[in-house]
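Student: Please take me closely through one part of this structure. Start with a turn of the backbone that goes against the usual rule, and then follow what lies around it.

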Amino acid sequence: METLLFLFPGDRPSFGAEEVRALAEVYGLELEPVVSHQRFLIARSRSWLADIVLQRAALVRVVGIGVQIVPRLPFPSTLQQLDFDALMGDSRTYYLEGVRVDRKQTADTRLMTVLQELGKQILFQTGKRVSAARPDCRLFVVISKQWVVVARKKGEIRAKFFKQRCPKYRKFRHPAAMDPITNRWMVNVARVKKGDLLLDPFCGTGGVLIEAALLGVKPLGVDLDPRMVRGSIENLKMYGLHAEVVRGDARYLPVRSADGVATDPPYGRHASTWGATLRELLRKLFTQLRGVLRHRGYAVVAAPQELPVRVLAAEADLEYVWEGLQYVHGGLTRRFVILRNM
Ligand SMILES: C[S@@+](CC[C@H](N)C(=O)[O-])C[C@H]1O[C@@H](n2cnc3c(N)ncnc32)[C@H](O)[C@@H]1O
């Protein structure tokens, strides 16, 4: 077991923590939280989880290993408790970067002040020098109101990585399309792995299907609009990917089974419900998921904040697992709800 650090982006931080929990579960890895903060999680797990998160996650920014944590106060003497020989091993040079995660700025929590003090401590303890160009070891520091956390940086996930798959670059475009970061997160929290079958019963332009296919998950899309069916197949082709996409009604699913479900049903300004209410669409979908979704399989559903998804799920005997909110614009805050088939 190793102590790992996961830093989450400032918007929707609780989504990142759920994503890490989901990935640990998918690969059967224990996850023992040591410190849970809104913006970061320090947890004990197998070091393999760090690699999995870096390969798959969307809403995690930095992953660190060999984590050490000290109280922030009394500053700077508290930094003497950090063991830099253990942190840096036999590397001769290092690079230090970090982030301050709690709002309130006092002189001793300014990022530069902490980095400078850490630099002095490293020099004093180890004699190692900074190299900005080619460091042997990269250290990442998180400063919160309560803690100073230092880890060896294992890697980072840049939003840039997802940019090339933004809806505006797709061959078939539609204003209701969701961004690839959210789509990837949905695939991950649906807890599917390579070879599993993931169903999106309102697949639209195929964003969820694309992210699933990139992970080796078999995507299965359903949409009532034949333009969407053709368009999502075209979009997958653009990236050299394939999905089974069929025209159908999510209220009468043309599908026998699925290992996971991730979906963004119609509710915004741009997506048509074809005369039905969203409540009716979800009620009928959930009733069928009892039979379609594998035992203990997960479904993640997006909906406007006002819709009581949790109540509809309970009526269909689906277990409520987690929910989080995403502000989209003045008129729309989305609620993502994760459910499990019992
Ligand atoms: C919000 S869009 C999905 C957007 C998708 N996440 C994307 O990134 O492109 C909702 C989709 O549900 C489809 N739809 C509406 N009613 C449906 C139904 N009863 N069964 C299946 N699909 C339906 C619409 O045609 C639309 O493509």
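Tutor: We need one definition first. A residue is buried under 20% relative accessible area, exposed over 50%, and partly exposed in between. Keep in mind that this is a predicted model.

Now the backbone. Most residues other than glycine have a negative phi, and most peptide bonds are trans. Look at Trp-274. Its phi is positive, about 55 degrees, although Trp-274 is not a glycine. Find it in the loop between β12 (258-263) and α9 (278-292). Is Trp-274 buried or exposed? Neither: its relative accessible area is 47%, so it counts as partly exposed.

Arg-12 breaks the rule too. This residue is not a glycine, yet its phi is positive, about 55 degrees. Its loop runs between β1 and α1. Here the surroundings are another matter. Arg-12 has a relative accessibility of 12%, so it counts as buried.

Peptide bonds come next. Leu-73 and Pro-74 are joined by a cis bond, with omega about 0 degrees. Phe-75 and Pro-76 are also joined by a cis bond, and there omega is about 5 degrees. Pro-74 sits in the loop between β4 and α3 (84-88). Pro-76 sits in the loop between β4 and α3 as well.

Go back to β12, the strand before the Trp-274 loop. It belongs to an open sheet of seven strands. Read across in this order: β11-β10-β9-β12-β13-β15-β14. The pairing is mixed. Which strands stand at the edges? They are β11 (244-247) and β14 (318-329). Each has a single partner strand, so one side of each is left without a neighbour in the sheet. From one strand to the next, the twist averages 15 degrees.

Zoom in on the β14 edge. β14 pairs with β15 (residues 332-341) in the antiparallel sense, over ten bridges. His-329 stands opposite Leu-332 of β15. A helix covers this area: α1 packs on the sheet and touches β13 (293-304), β14 and β15. The direction of α1 makes about 145 degrees with that of β14.

One residue shows the packing well. Thr-333 is in strand β15. Its relative accessibility is 18%, so it counts as buried. What does Thr-333 touch, leaving aside neighbours within four places in sequence? Its contacts are Ala-303, Pro-304, Gln-305, Leu-325, Gln-326, Tyr-327 and Val-328.

Another helix lies on this sheet. α7 (residues 207-214) lies across β9 (197-200), β10 (218-223), β11 and β12. It runs at about 170 degrees to β10. α7 also helps to line the largest pocket, and so do α8 (226-238), β14 and β15; these elements each give two or more residues to the lining.

What about the pocket itself? It holds about 680 Å³ of space. There are 40 lining residues. Closest to the centre are Ala-176, Asp-264, Pro-265, Pro-266 and Ala-271.

Now return to the strand before Arg-12, β1. It belongs to an open sheet of eight strands, again with mixed pairing. The order is β2-β3-β1-β4-β8-β7-β5-β6. At the edges are β2 (32-36) and β6 (129-130), each pairing on one side only. β5 (residues 93-100) pairs with β6 in the parallel sense, over two bridges. Tyr-94 stands opposite Val-130 in β6. Helix α4 (residues 111-126) packs on the sheet and touches β5, β6, β7 (137-143) and β8. Its direction makes about 150 degrees with that of β5.

Helix α2 lies across β1, β3, β4 and β8, at about 65 degrees to β8. Its buried residues are Leu-49, Ala-50, Ile-52, Val-53 and Arg-56. They cover an arc of only 165 degrees around the axis, which puts them on the same side of α2. A general rule helps here. An α-helix has 3.6 residues a turn, so residues three or four places apart point the same way. The buried residues of α2 pack against β1 (2-7), α1 (13-26), β3 (40-45), β4 (62-71), β8 (147-156) and α6 (180-189).

Notes
Residues are numbered from 1 along each chain as its sequence is written. This is a predicted model: local features need pLDDT of at least 70, side-chain atom pairs count only at pLDDT 80 or more; totals for chains, interfaces and linings use all residues. Side-chain values use heavy atoms; hydrogens and water are left out. Buried means under 20% relative accessible area, exposed over 50%, partly exposed in between (1.4 Å probe, protein chains only). Helices (H or I, at least four residues) and strands (E, at least two) are DSSP runs, numbered from the N terminus. The arc is that of the directions from the helix axis to the C-beta atoms. Contact means heavy atoms within 4.5 Å. Two strands pair if DSSP finds at least two bridges between them. Axes are lines fitted to C-alpha atoms, for helices over the stretch in contact, and angles run from 0 to 180 degrees between N-to-C directions. On a 1 Å grid over the protein atoms alone, a cavity is a set of points where a 1.4 Å probe fits but cannot get out, and a pocket is an open set with protein on both sides within 12 Å along at least five of seven lines; lining residues have an atom within 4 Å of a point. Grid points are joined across faces, edges and corners, and a volume is the space filled by probe spheres set on the points.
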